[in-house]
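Here's a set of exercises to work through with the model open beside you. Try each task before you read its solution.

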Amino acid sequence: MCGIAVIFGENAECQQSELLQMIARMESRGEVTETFIHPQVVTGTRRLKIVDREASQQPIFNPNRDKLVVFNGEIFNFAELRSQLAEKYPLKTHGDTETILYAFEEYGEKCVDLFEGQFAFVIVDLKENKLFFARDPLGIIPLYFVRDSQFLYIASTIKALTHLNQPIEVLSPGCYQWSDLPPVQYFQPQISSQTATLEEFLPQLKTTLVGAIQRRTETDLPIGVIYSGGLDSSIVLSQAIKYHPQVTAFTIGCEGSEDFAISQRFCRDRGIKQVVISLQPEDFRRHDIKAAIQESELTEYGDIINAAISLKLFAKIHEAGIKVVLGGDGSDELFGGYEMYGLEMTDSNRQNLFFYKLMNLHRTELQRVDRCSMAFGVETRVPFLAKPVLDLALATPQTWKINDGFEKWCLRQAFQDELPDYIIKRHKNPLSHSSGLHEWIRRYKWCFRHDYDREQYRLHDSLKKDFSAILRENKYSVDLALMATKYSQDYSRFDLLLEGIKASVRTAIFQWRSR
């Protein structure tokens, strides 16, 4: 993983100072800075060295040096693709960046359909004076751009582009685009019918997910697992330790919380090394909120609250010397982990809700994970969002997702022989609630808007109400709530002030009871 910056256009070499500003604003995303200057394009990469750490310097060129690639992410099936390309192309590295370039030379735009991973990349054709950029199906890896009368600016973060004081666009998930053409959506989720019986499906689900986890443990570096004690992270952790010899579980929250007790019990039972990050109310002050907004670039309040906690988590992961972690993100969206999925609604509304949550992950949970982890030079891999797992989820009936009073029922069934009952039968808790920290941070919601505007993030998008609040305002009517998201406004100042007062009272009660 890394931060990439590209400026494309005639006399781009005159934009070196702009390029350096873009790279400087993404410094934490990597360990080394690599640049290329050309009359048509200038590129910069802040590279986090994980795969082929010394040879895969960016940009990488083809033999004629008329095409180049800069890349952020991981292609987990690059070894298979590499073996197919090796007969025709002179591969000089052992990494996935070069594989992307030659896959593009061989298959053109269609190469994006071959990649199983999390990626955003830019390919420049110097001979044809054209630029191609693409993003993975669900937008795990970010990519933004600004276009003015002379240049196309591309970067991994919003903050790398705000100094241009121009509208900042996002390349949507599952899209690619040529510099002189509109974007093309190469991936769009489609519900498919399930032909297998439940008895056939459960082993298939387990095998597919285990395979995705195994692929994401493939590194010679030690790895971490973000571990809450919940179902999703327990599945990831239980499998990661089978395929990698150096796995550390990282758990964050409050002493005495249910999460701590369950996570510590499981790690103790399995002999897993665990780092526990215990937080207290005084660990969150005004400057922590500013940092969460500045780093995360998020547009919804609940995500910002979780970002404040995540930054504490990834700081400790970085201190432990870990550069690669696995997380359970995406499972709730795919397998019915939210209460709203259990609401009474038509099949059409349920499908629309599913697609909304799934295709907005790139600006909510996945954005939080990317920005907070890369703020400390840590790469997060998300096996639940592997394309094969996604395809299975799109063919999973609703009755297999929510059943017998349990969310993610099919996952529980598939892994019941791998996990103890105290995890299999435990219901989901959201991050900031389960760690006992939610109310402490909610007290500062009244200042989110000021801090957000100060960072000039409105050049990309405005701060918005949480979708859960919109759903509640529309009396849990999914179709009305989805329609309202198109016109959603921010909370009123009165609502934010009132909620801050309520959160302060609840925090005081919580602290009094804890004495």
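**Exercise 1. Find the residues that UniProt lists for "domain: Glutamine amidotransferase type-2", then describe that span in this predicted model.**

Solution. Start with the record: the unreviewed UniProt entry gives residues 2–182 for this domain. Next, look at the secondary structure of residues 2–182, which is 16% helix and 33% strand. Finally, check the ends of the span: their C-alpha atoms are 26 Å apart.

**Exercise 2. Work out how the rings of Phe133 and Phe145 are arranged, and which parts of the chain they bring together.**

Solution. Some context to begin with: the aromatic pairs number 21. For Phe133 and Phe145, the ring centres are 5.5 Å apart and the planes meet at 75°, so this is an edge-to-face pair. Now place the two residues: Phe133 belongs to strand β7 (residues 130–135) and Phe145 to strand β8 (residues 144–147), so the contact ties together parts 12 residues apart in sequence. Then check the cover, where buried means under 20% relative accessible area. Phe133 has 0% and is buried, and Phe145, at 4%, is buried too.

For a second case, go to Tyr452 and Tyr457: their ring centres are 5.7 Å apart with planes at 70°, so that pair is edge-to-face as well. Tyr452 is buried at 1%, and Tyr457 is buried at 1%.

To round this off, follow the ring pairs that link Phe104, Phe115, Phe119, Phe121, Phe132, Tyr176, Trp178 and Tyr186 into a cluster.

**Exercise 3. Leu138 sits in the loop between β7 and β8. Decide whether Leu138 is buried or exposed, and find how far Leu138 is from Phe119.**

Solution. Being in a loop doesn't settle the first part, but the relative accessible area does: Leu138 has 3%, so it's buried. For the second part, count along the chain and then go through space: Leu138 and Phe119 are 19 residues apart in sequence, and their C-alpha atoms are 9.8 Å apart.

**Exercise 4. Trace the salt bridges of Lys408, and say which parts of the chain they tie together.**

Solution. The structure has 39 salt bridges. Take Asp232 as one partner of Lys408: the closest N and O atoms are 2.9 Å apart. Asp232 is in helix α5 (residues 231–243) and Lys408 is in the loop between α13 (398–401) and α14 (409–414), so this bridge ties together parts 176 residues apart in sequence. Both Asp232 and Lys408 are buried.

Now take Asp332, which meets Lys408 at 2.7 Å, N to O. Asp332 is in helix α9 (residues 331–335), so its bridge to the α13–α14 loop spans 76 residues of sequence. Asp332 is buried, as is Lys408.

There's also a network to pick out: salt bridges with shared partners join Arg29, Lys159, Glu297, Asp370 and Arg371.

**Exercise 5. Describe helix α8: its span, its cover and what follows it.**

Solution. Begin with the span: α8 covers residues 301–319, 19 residues in total, and runs 28 Å from first to last C-alpha, close to the 27 Å expected at 1.5 Å a residue. As for cover, 14 of those 19 residues are buried. After the helix comes Gly321, with a positive phi near 80°.

The loop between α7 (286–296) and α8 holds Glu300, which is linked to Arg363 in the loop between α10 (347–359) and α11 (365–374), 63 residues away. That link is a salt bridge with an N to O distance of 2.9 Å. Arg363 is buried at 15%, and Glu300 is buried at 8%.

**Exercise 6. Look for unusual backbone geometry at Pro59, Gln456 and Lys475.**

Solution. Recall the usual pattern: most residues other than glycine have a negative phi, and most peptide bonds are trans. The bond from Gln58 to Pro59 is cis, with omega near 0°, and Pro59 is in the loop between β3 (41–47) and β4 (60–61). Gln456 isn't a glycine, yet its phi is positive, about 65°; at 35% relative accessibility, Gln456 is partly exposed. Lys475 also has a positive phi, about 55°. Lys475 is in the loop between α19 and α20 (478–484) and is exposed at 74%.

Note on methods: Residues are numbered from 1 along each chain as its sequence is written. This is a predicted model: local features need pLDDT of at least 70, side-chain atom pairs count only at pLDDT 80 or more; totals for chains, interfaces and linings use all residues. Side-chain values use heavy atoms; hydrogens and water are left out. Helices (H or I, at least four residues) and strands (E, at least two) are DSSP runs, numbered from the N terminus. The expected span of a helix is 1.5 Å times one less than its number of residues. Buried means under 20% relative accessible area, exposed over 50%, partly exposed in between (1.4 Å probe, protein chains only). UniProt positions are given in the numbering used here, feature names are shortened, and annotations may be inferred rather than shown by experiment. Rings of Phe, Tyr and Trp (its six-membered ring) pair if their centres lie within 6.5 Å; planes under 30 degrees apart count as stacked, over 60 as edge-to-face and the rest as tilted. A salt bridge is a side-chain nitrogen of Lys or Arg within 4 Å of a carboxyl oxygen of Asp or Glu.
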